[in-house]
Amino acid sequence: DVRPLIDLIDSLRNLGVDKIVSLPRIAVVGDQSAGKSSVLEAISGIELPRGTGIVTKCPLELRMKCDPNKPFSCKVYPANESAEPIQTDEPAGVGGCIKAVADLLIGDTGFSDVSVIVELVSPNVPDLTLIDLPGIARISTEGQAADLPLKIKKMIKSFIADDNTIILVVVNGCNDLATTEGLKFAQEVDPKGIRTVGVITKIDLVDKGAESEVQK
């Protein structure tokens, strides 16, 4: 049973121990519009915030606990505990809770390296904690700071450089894998691929005849 180990690591992270000692974690990385949200929604059963441009501007720590004897419940709060938790018992309501907490953290700066914690209890989720990092974008959109993409890239590289971090790279199957920045970042810090796991999305939209290239 991995649950006690996951609970211990989450508790240590709540205490800020991860600032002193490297703790095991799974970081979800991907280019903008690679399909990270869809992957996380499929795993957790919740709805995540959607939109155009760079939607996620701070890390999202998704803590899932499987309990066959309890109905779905969710608690969302900032990692620095600067606000009271927001609770919901509806999977469709989680996205709004995440946005509210994220907006509080981001404020006028447009970016924060403080995580939004999402604690889920449900009979239909795995015992797992994932840290979803903002999507990698090459340019900022209207209304966003010009240096936002650079800040996000710097944060992602800092996260995945840790040898105790498993890198879950989400890749859009319709794009040229050679130009995918998520894979490029992972290869820079994990050239042998020992702690990198790839997930290919939108495979149903791949051009006919190009399937073999994606498989390679």
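Helices α4 (residues 148-160) and α5 (residues 181-189) come within 10 Å of each other, axis to axis. Their axes cross at roughly 40 degrees, which makes α4 oblique to α5. The model is predicted. The points below cover this crossing, the cysteines, two residues with positive phi and three buried residues.

**The α4 and α5 crossing**

- The crossing of the two helices, α4 and α5, is right-handed.
- On the α4 side, the residues in contact are Lys153, Ile156, Lys157 and Ile160.
- On the α5 side, they are Glu181, Phe185, Ala186, Glu188 and Val189.
- The residues of this contact divide into five nonpolar and four charged, with no polar ones.

**Ile160, a residue of α4**

- Ile160 lies in helix α4.
- How buried is Ile160? Its relative accessible area is 0%, so Ile160 counts as buried.
- Outside its neighbours within four places in sequence, Ile160 is in contact with Phe185, Ala186 and Val189, among others. These three belong to the α5 side of the helix contact.
- Other contacts of Ile160 include Ala27, Val29, Thr165, Ile167 and Arg195.
- Ile117 is 43 residues from Ile160 in sequence. In space, their C-alpha atoms are 19 Å apart.

**Cysteines**

- How many disulfides does the structure hold? The count is zero.
- A disulfide is a covalent bond between the sulfur atoms of two cysteines.
- Why does Cys58 form no such bond? The closest cysteine sulfur, in Cys97, is 14 Å from the sulfur of Cys58, and that is too far for a bond. The cut-off for a disulfide is 2.5 Å between sulfur atoms.
- Cys58 has 3% relative accessibility, so this residue counts as buried.
- Cys174 has a relative accessible area of 38%, so it is partly exposed.

**Positive phi outside glycine**

- Glu81 is not a glycine, yet it has a positive phi of about 55 degrees.
- Where is Glu81? It sits in the loop between β3 (73-78) and β4 (86-88).
- Glu81 counts as exposed, because its relative accessibility is 59%. The cut-off for exposed is over 50%.
- Lys202 is also a residue other than glycine, and its phi is positive, near 55 degrees.
- The loop that holds Lys202 runs between β8 (196-201) and α6 (211-215).
- Lys202 is partly exposed, because its relative accessible area is 32%.

**Asn172, in strand β7**

- Asn172 is found in β7, which covers residues 165-172.
- Is Asn172 buried or exposed? At 9% relative accessibility, Asn172 counts as buried. The cut-off for buried is under 20%.
- Beyond four places in sequence, Asn172 touches Ser33, Ala34, Leu177, Thr201 and Lys202. Lys202 is the residue in the loop between β8 and α6.
- Lys99 is 73 residues from Asn172 along the chain. Their C-alpha atoms are separated by 25 Å.

**Leu62, in strand β2**

- Leu62 has its place in β2, a strand of residues 60-66.
- Leu62 is buried, because its relative accessible area is 2%.
- Which residue lies 57 residues from Leu62 in sequence, with its C-alpha 6.4 Å away in space? That residue is Glu119.
- Leu62 touches Val118 and Leu120, not counting residues up to four places away in sequence.
- Other residues that Leu62 touches include Ser44, Ile46, Leu128, Thr129 and Leu130.

Terms used
Residues numbered from 1 in each chain as written. Predicted model: local features only at pLDDT ≥ 70, side-chain atom pairs only at ≥ 80, totals over all residues. Heavy atoms only, no water. Axes fitted to C-alpha atoms, helices over the stretch in contact; angles between N-to-C directions. Helix = DSSP H or I, 4+ residues; strand = E, 2+ residues; numbered from the N terminus. Parallel < 35°, antiparallel > 145°, perpendicular 65-115°, else oblique. Left-handed = near helix turned anticlockwise from the far one by under 90°. Contact = heavy atoms within 4.5 Å. Nonpolar A, V, L, I, M, F, W, Y, C, P; charged D, E, K, R; others polar. Buried < 20%, exposed > 50% of the residue type's maximum accessible area, 1.4 Å probe, protein only.
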